[in-house]
Amino acid sequence: MRADGGLDTAHHALRQAFDAADGAMTQSLAMLLDGIDQERRQVQCHTVLLSSETFMNFCRPETLLRYIDADEVQIIATFRNQAEFISAMYYTEVCHRKVIDFPLGYLDGFDDKLLDYATCLVPWRRAYPNAQLSVSLFERGTPARDFPAAHIVSQIGLDWRLDPQDNKIEHRSLPAQATLFLRQLSASGWDAPAFFQIFEVCHRNPAWFAPIQENLSPAILRQILDDHAPQNHALAQHFISDGPREFARPQLTDQTTWDQALGDPAAVFPTILRRIVHEAAIRDAIPSKDAVQP
C-alpha cells in the first residue's frame, strides 16, 4: 500500500524496501516482511514464493535470512540473451514508464551490471549455500519460454496441472517507434481530444510502422552479445545444469533491410504525421495532394 492508500507495484516495492534498508532491518522493511508472514499464517501455507525481476541485481539477499527462517530454500532464475533483453526492456519502458528517449539514448543510460547474469547470482549462492539453485535460459523451443508459468511450477517441484490456454504470450500493440511517437506527442502538450484522435488513427493503421523486431540495429545487438560472451560462459560453467547451456544466436534482421525499414528514428515522426494528414484527407474527401504540405 502506498502512503495515499493506493496499491503500489508490489514486487518492485519489496526490492526498493530492501535497498533502502542497505542491509539493516528497518522498521518499514520489518513491517513489509511481517505482512508477508501474517498472510502466510492466515492461509496456513508452508511455501512462500518471493518473485521479482528486480531481484536479479539484489546485492544483499542475506537480509532475508534475518527474518524468514526456512527449512528449505530454492533459488530459481531465468535469463534471456542480453540483446533480446535490452530490446524488450526498451519497448517496456517506452510503453509503461513513459521513456521518450530514442533507442541509442536509452542504451547510453542502461545499467550494464544487469547483464552480467553470473555475477547477479553470486550473492544468492553466498547467502544460501545449501539452497537448490535452478537456472534456465529463456530460449525459443524451451519450456521456460513456451510456458513460463508451468516451467517455474515444475522447477519448484509442485504437481500443478496448468491449462495451456492460460499461457498468455502474445498481445496486440503498436511497435516501439509508434509508441515513442505518441509519447513525444503527448509530452509536447497536445490537448487530450486532439491527442486521442492521433492515437486512434495510429492504432487503425499499424501497417504504417516498420515490421522490425529489433529496436536497436542488428550491428549494435551483435556487439552486445559479443561483449557479454565471457559473462555468459561463466553463467554456463558455474550455474546452469539442465537444458540449454548457451544462448542461441538470435535471428536478426539483415542490416540493410533494417536500415531501409527504419532508418533514422527521428525521420519516423514527420513520416507518421504526413500519413495522418493523408488519412484525414481521405476521410474528409479532400484530395491528399492539397492536404499534405512538404
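Is phenylalanine 55 buried or exposed? In this predicted model, phenylalanine 55 counts as buried, because its relative accessibility is 9% and the cut-off for burial is under 20%. That makes phenylalanine 55 a convenient place to start a tour of the aromatic side chains.

The structure contains 12 aromatic pairs. One of them joins phenylalanine 55 to tryptophan 124 in an edge-to-face arrangement, with 5.6 Å from centre to centre and 65° between the planes. Phenylalanine 55 belongs to the loop between α2 (27–43) and β1 (74–79), while tryptophan 124 sits in helix α5 (residues 117–127), so this pair ties together parts that are 69 residues apart in sequence. Tryptophan 124 counts as buried too, with a relative accessibility of 11%. Ring pairs also bring in Phe58 and Tyr128, which are linked with Phe55 and Trp124 into a cluster.

Another tryptophan offers a contrast in setting. Tryptophan 160 is found in the loop between α7 (148–156) and α8 (176–187). With a relative accessible area of 55%, tryptophan 160 is exposed. Together with Leu158 and Leu162, Trp160 makes a nonpolar surface patch of about 290 Å².

Helix α2 can be followed from its length to its two faces. At 1.5 Å a residue, its 17 residues should span 24 Å, and the end C-alpha atoms of α2 are indeed 24 Å apart, in agreement with that expectation. The buried residues of α2 are Leu29, Leu33 and Asp37. These residues cover an arc of only 65° around the axis, which puts them on the same side of α2. Turned away from that buried side is a face carrying the exposed residues Gln27, Met31, Glu39, Gln42 and Val43.

Charged side chains come next, and a search of the whole structure finds five salt bridges. One of these brings the discussion back to α2: the side chains of aspartate 37 and arginine 40 meet in a salt bridge with an N to O distance of 3.0 Å. The two residues are three apart in helix α2, so about one helical turn separates arginine 40 from aspartate 37. Aspartate 37 is among the buried residues of the helix, whereas arginine 40 counts as partly exposed at 26% relative accessibility.

A salt bridge between arginine 145 and glutamate 84 has its closest N and O atoms 3.0 Å apart. Arginine 145 lies in helix α6 (residues 143–146) and glutamate 84 in helix α3 (residues 82–96), so the contact ties together parts that are 61 residues apart in sequence. Both partners, arginine 145 and glutamate 84, are buried.

Further along the chain, aspartate 226 forms a salt bridge with arginine 249, and here the closest N and O atoms are 3.5 Å apart. Aspartate 226 is part of helix α10 (residues 218–227), and arginine 249 is in the loop between α11 (229–238) and α12 (255–261), so the pair ties together parts that are 23 residues apart in sequence. Aspartate 226 is partly exposed, with a relative accessible area of 43%, and arginine 249 is likewise partly exposed, at 49%. Elsewhere, salt bridges that share partners join Asp37, Arg40 and Arg41 into one network.

How values were computed. Residues are numbered from 1 along each chain as its sequence is written. This is a predicted model: local features need pLDDT of at least 70, side-chain atom pairs count only at pLDDT 80 or more; totals for chains, interfaces and linings use all residues. Side-chain values use heavy atoms; hydrogens and water are left out. Rings of Phe, Tyr and Trp (its six-membered ring) pair if their centres lie within 6.5 Å; planes under 30 degrees apart count as stacked, over 60 as edge-to-face and the rest as tilted. Helices (H or I, at least four residues) and strands (E, at least two) are DSSP runs, numbered from the N terminus. Buried means under 20% relative accessible area, exposed over 50%, partly exposed in between (1.4 Å probe, protein chains only). Patches are made of residues with over 30% relative accessible area and no salt bridge: like charges are joined within 9 Å, nonpolar side chains (Val, Leu, Ile, Met, Phe, Trp, Tyr) within 5 Å. Accessible areas come from the Shrake-Rupley method with a 1.4 Å probe; for residues, only the protein chains shown count as cover. A salt bridge is a side-chain nitrogen of Lys or Arg within 4 Å of a carboxyl oxygen of Asp or Glu. The expected span of a helix is 1.5 Å times one less than its number of residues. The arc is that of the directions from the helix axis to the C-beta atoms.
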